[in-house]
Amino acid sequence: MFSYRYMDMDMEGNRIGTNSASPRQIVSTIPNQFSGTSGQPPTLRVVPTSMRMEMHMFGAMYAPTDDITLMIMGTYNEREMDHVTFQGAQGTTVLGNFTTRSSGFGDTKVTGLIRLYDDGKHKLHLNAGVSIPTGSITENDRILTPMGATTTVRLPYPMQLGSGTWDLEPGITYNGFSSNWGWGAQARSSLRLGDNSENYSLGDRYEVSAWFAYLFSDSVSTSLRIKGTTQGNIDGRDAQIIGPVQTAQTEFQGGDRVDLLGGINLLVTSGLFKGHRFALETGFPIHQDLHGPQLETDFLLTAGWQKIF
């Protein structure tokens, strides 16, 4: 099977825990992790206001036996983040706005799907994966500092394109079928194997999801899915990522989120595109508890294509 998926995530506004926070509130109350370092103010002075993440995922799968399927997936990422800079070392006077961008190939994932059980109505698979650090963790761009200077710096952690570490990605997936109904659940994780070349590792990530699906015909089905994710903070620090902005603070990188997602799948059964499958899933968070301040997620979209040979 060959596949392509496009994912879009839109983020706007900030949250501390489960509560919204304005940029002025953040620069007035949140300490700067780097306070005491030369030139660093006591509180945050630059606040992200929105971010858009786009990911293009290219995959291939091959089943050497009925019980084992091998998969490889590469990604190309595009990220854009808007900021507001406040003047000087204190106060709530806005100095100006700026946008940072990064783009390039992300990490590469290699996975083995191992069938544990299949009686025709119930299926259980083990996911045994590893993430290879092919994405850059040294992206740079220009920023507006609280002193009014425009300078090029290493971008903070959310704007980097990869983890920089080899990561284990274990998981387990269950699917059930009866008449026109389908249902399932999945648990998966990303476990970092040590620090990367810049002396840090992203927090471990754990994800659980459950879904129902209904088959209207041989070619059309819909689904409803709920997904919960928890992410740890960063361990260690990149010595070149420093500044009075929340995205550079290693303790403001984790949190919990629950998403509600609806999808539609179309299998073309005749004509030029016979055998091609198209899918669309969109949704939004229904709960966010962030180690803040952090940008909150507003909207999620995934569109994809598959062809099985």
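## Phe-216 and its aromatic neighbours

Let's start with Phe-216. In this predicted model, is Phe-216 buried or exposed? Its relative accessibility is 55%, so Phe-216 counts as exposed, given that the cut-off for that label is over 50%. Now look at Tyr-214: with 27% relative accessibility, Tyr-214 counts as partly exposed.

How are the rings of Tyr-214 and Phe-216 arranged? They make an edge-to-face pair, with 80° between the planes and 4.9 Å from centre to centre. Trp-181 joins in too, and together with Tyr-214 and Phe-216 it forms one aromatic cluster. If you search the whole structure, you'll find six aromatic pairs.

## A charge over a ring

Next, take a look at Phe-309. What sits over its ring? The charged end of Lys-307 does, at 4.5 Å from the centre of that ring.

## Backbone oddities

Here's a bit of background: most residues other than glycine have a negative phi, and most peptide bonds are trans. Keep that in mind for the next few residues.

Ser-179 isn't a glycine, yet its phi is positive, near 55°. Where is Ser-179? You'll spot it in the loop between strand E10 (167-178) and strand E11 (181-192). Ser-179 has 74% relative accessibility, so it counts as exposed.

Asn-199 also has a positive phi, near 70°, and again this is a residue other than glycine. Follow the chain past E11 and you'll meet Asn-199 in the loop that leads to strand E12 (200-201). With a relative accessible area of 53%, Asn-199 is exposed.

Then there's the peptide bond from Gly-292 to Pro-293, which is cis, with omega near 5°. This time we're not in a loop: Pro-293 belongs to strand E17, covering residues 276-307.

## The nonpolar cores

Time to look inside. How many residues make up the largest nonpolar core? There are 11 residues in all, including Phe-34, Val-46, Phe-98, Ile-137, Tyr-200 and Val-245.

Pick out Val-245 and check what it touches. Leaving aside residues up to four places away in sequence, Val-245 is in contact with Leu-44, Val-46, Pro-48, His-83 and Pro-156. Val-46 is a fellow member of the largest core. Apart from this core lies another one, made of 10 residues, among them Met-53, Met-81, Met-159 and Leu-261.

Note on methods: Residues are numbered from 1 along each chain as its sequence is written. This is a predicted model: local features need pLDDT of at least 70, side-chain atom pairs count only at pLDDT 80 or more; totals for chains, interfaces and linings use all residues. Side-chain values use heavy atoms; hydrogens and water are left out. Helices (H or I, at least four residues) and strands (E, at least two) are DSSP runs, numbered from the N terminus. Buried means under 20% relative accessible area, exposed over 50%, partly exposed in between (1.4 Å probe, protein chains only). A nonpolar core is a set of buried Ala, Val, Leu, Ile, Met, Phe, Trp, Tyr and Cys residues joined through side-chain atoms within 4.5 Å. Contact means heavy atoms within 4.5 Å. Rings of Phe, Tyr and Trp (its six-membered ring) pair if their centres lie within 6.5 Å; planes under 30 degrees apart count as stacked, over 60 as edge-to-face and the rest as tilted. A charge sits over a ring if NZ of Lys or CZ of Arg is within 6 Å of the ring centre and within 35 degrees of the ring normal.
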